[in-house]
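Colleague: Could you walk me through how the labels in this model were earned? I would like to see each value set beside its cut-off.

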Amino acid sequence: GSFPSLLKKLNIPHDGIEITTSTPPKKDRSLSDEDAKAILNSNSNKAEVIEWASERCLDPTFVLKQGVGYDPKSKAIVFPFRDAKGNLIGAKYRGTNGDQWIKGREPELYILDPTDLRQEKVVIVEGEVDALTLKMLKCPVVATLGASKDKGFHLLSNHRQVYLGYDMDEAGEVGVEKAAQAIGRYRCKRVTWGLKDPNDMVMAGATKENLLLLNIPNGLGTG
């Protein structure tokens with residue numbers, strides 16, 4: 001036990017005794033108040049977000065409503081990260097030069113709508129842009145934030161059907177295999193996009209019907 005608890009056990013008053021510990025402080029990646037404020041404020045830079053969303057055929061009003069912002073200092077689009085309860089825990093910054101970095105913590109899954117965790121069906125994609133693309137089309141969706149990531153699959157235990165919408169490349173196929181093993185093959189179906197990913201499909205002119213009815217086996221309820 002600790003020194004104070006030992007004093008208490010021996011019935012020795014320890015008021016006024018300065019107790020120091022040699023244990024080094026844990027490395028804490030929690031979000032600072034300053035960073036949290038900057039993430040939330042970035043959403044007010046609407047012009048840059050509207051331009052970015054329009055380039056990707058995303059509805060700018062919808063994207064702004066999801067909290068996506070722009071940081072003029074680092075010239076980066078800001079994707080807020082929230083946990084399964086909706087608490088802000090961090091953000092990914094995606095610079096216009098292609099650089100990416102994270103402030104705060106990365107979530108187990110990128111979740112735009114916590115109610116999607118309670119749906120019967122859900123689509124898993126790799127990144128934020130694809131998640132925004134499908135959510136814009138009212139599709140229950142989460143993102144792993146990388147083809148090789150697998151830490152959030154336990155959050156999908158309620159889903160009867162899980163559609164694996166990973167990118168149509170080698171890394172995506174490895175991710176699909178990993179996800180199917182972790183989630184259970186009997187609950188999983190592979191989504192075959194006509195191009196690399198759902199955002200590429202939308203940018204090429206695909207409609208909601210193309211994406212949700214033709215590419216996802218048996219359709220997907222979008223209520």
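Modeller: Happy to; what follows goes through charged pairs, a helix, cysteines, a sheet and aromatic rings, and please keep in mind that this is a predicted model.

Colleague: Let's start with charges. Why is the contact of Arg 56 with Glu 55 called a salt bridge?

Modeller: The closest N and O atoms of Arg 56 and Glu 55 are 3.4 Å apart. The cut-off is a Lys or Arg side-chain nitrogen within 4 Å of an Asp or Glu carboxyl oxygen, so the pair qualifies. The structure holds 14 salt bridges.

Colleague: And how do you know whether Arg 56 and Glu 55 are buried or exposed?

Modeller: Neither word fits, I'm afraid. Arg 56 has 24% relative accessibility, and Glu 55 has 45%. Buried means under 20% and exposed over 50%, so values in between are called partly exposed.

Colleague: What makes Glu 128 and Arg 94 a salt bridge?

Modeller: Their closest N and O atoms lie 3.2 Å apart, and the limit is 4 Å, so the label holds. Glu 128 belongs to helix H5 (residues 128-136) and Arg 94 to strand E3 (residues 88-95), so the bridge ties together parts that are 34 residues apart in sequence. Lys 92 also takes part, in a network of salt bridges with Arg 94 and Glu 128.

Colleague: Why is Glu 128 called buried, and what is Arg 94 called?

Modeller: Glu 128 has a relative accessibility of 1%, and buried means under 20%, so the word applies. Arg 94, with 23%, is partly exposed.

Colleague: What about Glu 106 and Lys 151: why does that pair count as a salt bridge?

Modeller: Here the N to O distance is 3.7 Å; the requirement is within 4 Å, so the pair counts. Glu 106 sits in the loop between strand E4 (100-104) and strand E5 (110-111), and Lys 151 in the loop between strand E7 (141-143) and strand E8 (161-164), so this bridge joins parts 45 residues apart in sequence. Glu 106 has a relative accessible area of 19%, and the bound is under 20%, so "buried" is the right word for Glu 106. Lys 151, at 39%, is partly exposed.

Colleague: Back to H5. Why is helix H5 described as largely enclosed by the rest of the structure?

Modeller: Because nine of the nine residues of H5 are buried. Among them are Val 129, Leu 132, Leu 134 and Met 136, and the charged Asp 130 and Lys 135 are on the list too. Just after H5, Lys 138 takes a positive phi of about 65°.

Colleague: How many disulfides are there?

Modeller: Zero. A disulfide would need a pair of cysteine sulfur atoms within 2.5 Å. As for individual cysteines, Cys 57 is partly exposed at 37% relative accessibility, while Cys 188 is buried at 13%.

Colleague: On to the sheet. Why do E5 and E9 count as edge strands?

Modeller: The open sheet has five strands in the order E5-E7-E6-E8-E9, with mixed pairing. E5 and strand E9 (188-190) each have a single partner strand, so one side of each is left without a neighbour in the sheet.

Colleague: How do you know that E5 and E7 pair?

Modeller: Two bridges join them, and they run antiparallel. Pairing asks for at least two bridges, so the condition is met. Within this pair, Ile 111 stands opposite Val 142 in E7. Elsewhere, helix H6 (residues 170-183) lies across strand E6 (121-125), E8 and E9, and runs at about 165° to E8.

Colleague: Finally, the rings. How many aromatic pairs are there, and what makes Trp 52 and Phe 79 one of them?

Modeller: There are three aromatic pairs. For Trp 52 and Phe 79, the centres are 5.5 Å apart with 75° between the planes. Centres must lie within 6.5 Å, and planes over 60 degrees apart are edge-to-face, so both labels follow. Trp 52 is in helix H3 (residues 46-55) and Phe 79 in strand E2 (residues 76-82), so this pair ties together parts 27 residues apart in sequence. Trp 52 is buried at 8% relative accessibility, and Phe 79 is buried at 0%.

Colleague: And why is the pair of Phe 81 and Tyr 110 called edge-to-face?

Modeller: The planes of Phe 81 and Tyr 110 stand at 75°, with the ring centres 6.1 Å apart, so edge-to-face is the label. Phe 81 lies in strand E2 and Tyr 110 in strand E5, 29 residues apart. Both are buried, Phe 81 with a relative accessible area of 0% and Tyr 110 with 2%.

Note on methods:
Residues are numbered from 1 along each chain as its sequence is written. This is a predicted model: local features need pLDDT of at least 70, side-chain atom pairs count only at pLDDT 80 or more; totals for chains, interfaces and linings use all residues. Side-chain values use heavy atoms; hydrogens and water are left out. Buried means under 20% relative accessible area, exposed over 50%, partly exposed in between (1.4 Å probe, protein chains only). Helices (H or I, at least four residues) and strands (E, at least two) are DSSP runs, numbered from the N terminus. Contact means heavy atoms within 4.5 Å. Axes are lines fitted to C-alpha atoms, for helices over the stretch in contact, and angles run from 0 to 180 degrees between N-to-C directions. Rings of Phe, Tyr and Trp (its six-membered ring) pair if their centres lie within 6.5 Å; planes under 30 degrees apart count as stacked, over 60 as edge-to-face and the rest as tilted.
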